Amino acid sequence: PLILGIESSCDETGVAFVRGTTLLGDVVASSVEEHVRFGGVVPEVASRAHLEALIPTIRRTCDEVGHSLADVDAIAVTSGPGLAGALMVGVAGAKALAWALDKPLYGVNHLAAHVCADVLDHGPLPEPTVALLVSGGHTNLLLVNDIASDVIELGASIDDAAGEAFDKVARVLGLAYPGGPHIEKAAADGDPNAIRFPRGLSSRKDLERHRFDYSFSGLKTAVVRWVEERERAGEPVPVADVAASFNEAVADVLTRKALDACEEYGVRDLQIGGGVTANSRLRVMAKERCDAAGISLRVPRVRLCTDNGAMVAALGAQMVQRGLTPSSLDLPADSSMPVSEVKAP
Ligand code: ATP
Ligand code: MG
Ligand code: FE
């Protein structure tokens, strides 16, 4: 079956065609440039951009793969979590298509879709898999028993997401938004061990209650304080060292807890996804630690780590393959959809 996927949860309008675990075509229209001057995604601006981009993006994807909408067997759309107004555009568009084409509609969870993107590069996920999702809005550690229907949240950030921390620290260092790539670039010339920044929720006491949870707001505050002290003393801020040390702290705590989860649940496979996965230090550290622990690591190509329609179509395809009941045509755009709800009812 040919699956059309639509993504609109944040600032990317993504449309793709997937068959099984094969990606046939994938077009992403991003409004990120429109948010740069605000230093973060502005929900109203994002919604309007989706509205303008959705139909042209669907057309471009059809052209790219040489299929018309009449060829589509099922439609998958992100129904949550994300920005309410942004989600609503994709959901409304998908419903209209499903109704007009008389095809089944699957409302899928954006976080599960991030994990599922990996099947397009590496084939079906081993089950169970531990998945670490690190994006601009989320940091979650998941136990995936069945990617289409059984995903358990082991932990999540109790404050900022990892990507958010990159963006905030970049601002403090005078680097542009989105901060991740700029921090990574600055870090290349720095010493990751120059400053020992805190690893959130890693003390023995915190681990009792938050073994698989993350916290990045304390780290961000530590960086701010460190920089401010330097400035007060009239000393130059070693941007490269701060960036490298911050990046090291994030990669360290992310990978350590992910590997601990693998051990705790006796799982031999770790999957990492989300925009922060573009970070090369995170990739290298994850690979080293997985190799040392005998765990096999799956990380999709960067394009599939950031928001796109391909991951949504991929998850829809898994649902179709398993014969799951489609979502109702009055499925909601659910801005706080829990990851345990992989498919909207
Ligand atoms: P969500 O999926 O949670 O709704 P989102 O769409 O904003 O959020 P993504 O597009 O997956 O998230 O990722 C964007 C985030 O990734 C930004 O916070 C950005 O700073 C971060 N990022 C991108 N490249 C890198 C990098 N090389 N190193 C670290 N972080 C990065
Ligand atoms: Mg984005
Ligand atoms: Fe995302």
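Biologist: Which residues does UniProt list for "domain: Gcp-like"?
Modeller: This is a predicted model. The domain label comes from an unreviewed UniProt entry. The span is 51% helix and 17% strand. UniProt lists residues 23-313.

Biologist: How far apart do the end C-alpha atoms of residues 23-313 lie?
Modeller: Residues 23-313 are the span that UniProt lists as Gcp-like. The C-alpha atoms at its ends lie apart by 9 Å.

Biologist: Which residues does the UniProt annotation "binding site" cover?
Modeller: The annotation again comes from an unreviewed entry. The residues are spread over 198 residues of sequence, yet they cluster in space, with a largest C-alpha distance of 8.9 Å. They are His110, His114 and Asp307.

Biologist: Where is His110 found, and what does His110 touch?
Modeller: His110 sits in helix 4, residues 110-116. Residues up to four places away in sequence are not counted. The contacts of His110 are then Ser9, Thr78, Gly80, Pro81 and Gly82.

Biologist: Is His110 buried or exposed?
Modeller: The cut-off for buried is 20 or more other C-beta atoms within 10 Å. His110 has 26 such atoms within 10 Å, so His110 is buried.

Biologist: Why is His114 classed as it is, buried or exposed?
Modeller: His114 also has its place in helix 4. Leaving aside neighbours within four places in sequence, its contacts are Leu133, Ser135, Gly273, Gly274 and Met311. Because 32 other C-beta atoms lie within 10 Å, His114 is buried.

Biologist: Where is Asp307 found, and is Asp307 buried or exposed?
Modeller: Asp307 lies in the loop between helix 12 (302-305) and helix 13 (309-321). Asp307 has 29 C-beta neighbours inside 10 Å, so Asp307 counts as buried.

Biologist: What separates the C-alpha atoms of Asp307 and Glu7?
Modeller: Asp307 is in contact with Glu7, Ser9, Cys10, Glu12 and Gly14, leaving aside neighbours within four places in sequence. Asp307 and Glu7 are 300 residues apart along the chain. Their C-alpha atoms are separated by 7.5 Å.

Biologist: Which residues touch the most other members of the largest nonpolar core?
Modeller: In soluble globular proteins, nonpolar side chains tend to be buried together. Here the largest nonpolar core has 108 residues. Those touching the most other members are Ala112, Ala313, Ala314 and Leu315.

Biologist: Which helix gives the most to this core of 108 residues?
Modeller: The largest contribution is 13 residues. The helix that gives them spans residues 239-264. That is helix 10.

Biologist: With what is Ala112 in contact?
Modeller: Ala112 is one of the core residues that touch the most other members. Neighbours within four places in sequence are left aside. Its contacts are Ile147, Val151, Leu315, Val339 and Val342.

Biologist: At what angle do helix 10 and helix 11 pack?
Modeller: Helix 11 covers residues 280-293. The axes of helix 10 and helix 11 are 9 Å apart, and the crossing is right-handed. The angle is about 35°.

Biologist: How many residues of each class are in the contact of helix 10 with helix 11?
Modeller: Helix 10 contributes residues including Asn247, Glu248 and Ala251. Helix 11 contributes, among them, Arg281, Leu282 and Ala293. By class, the contact has seven nonpolar, two polar and four charged residues.

Biologist: Why does Ala293 count as partly exposed?
Modeller: Ala293 lies in helix 11. The partly exposed class falls between the cut-offs of 12 and 20 C-beta atoms. Ala293 fits because its C-beta neighbours inside 10 Å number 14.

Terms used
Residues are numbered from 1 along each chain as its sequence is written. Chains are lettered from A and ligands numbered from 1 in the order in which they are written. This is a predicted model: local features need pLDDT of at least 70, side-chain atom pairs count only at pLDDT 80 or more; totals for chains, interfaces and linings use all residues. A nonpolar core is a set of buried Ala, Val, Leu, Ile, Met, Phe, Trp, Tyr and Cys residues joined through C-beta atoms within 7 Å. Helices (H or I, at least four residues) and strands (E, at least two) are DSSP runs, numbered from the N terminus. Two residues are in contact if their C-beta atoms, placed from the backbone, lie within 7 Å. UniProt positions are given in the numbering used here, feature names are shortened, and annotations may be inferred rather than shown by experiment. Axes are lines fitted to C-alpha atoms, for helices over the stretch in contact, and angles run from 0 to 180 degrees between N-to-C directions. A crossing is left-handed if the near helix is turned anticlockwise from the far one by less than a right angle, and right-handed if clockwise. Ala, Val, Leu, Ile, Met, Phe, Trp, Tyr, Cys and Pro count as nonpolar, Asp, Glu, Lys and Arg as charged, and the others, Gly among them, as polar.
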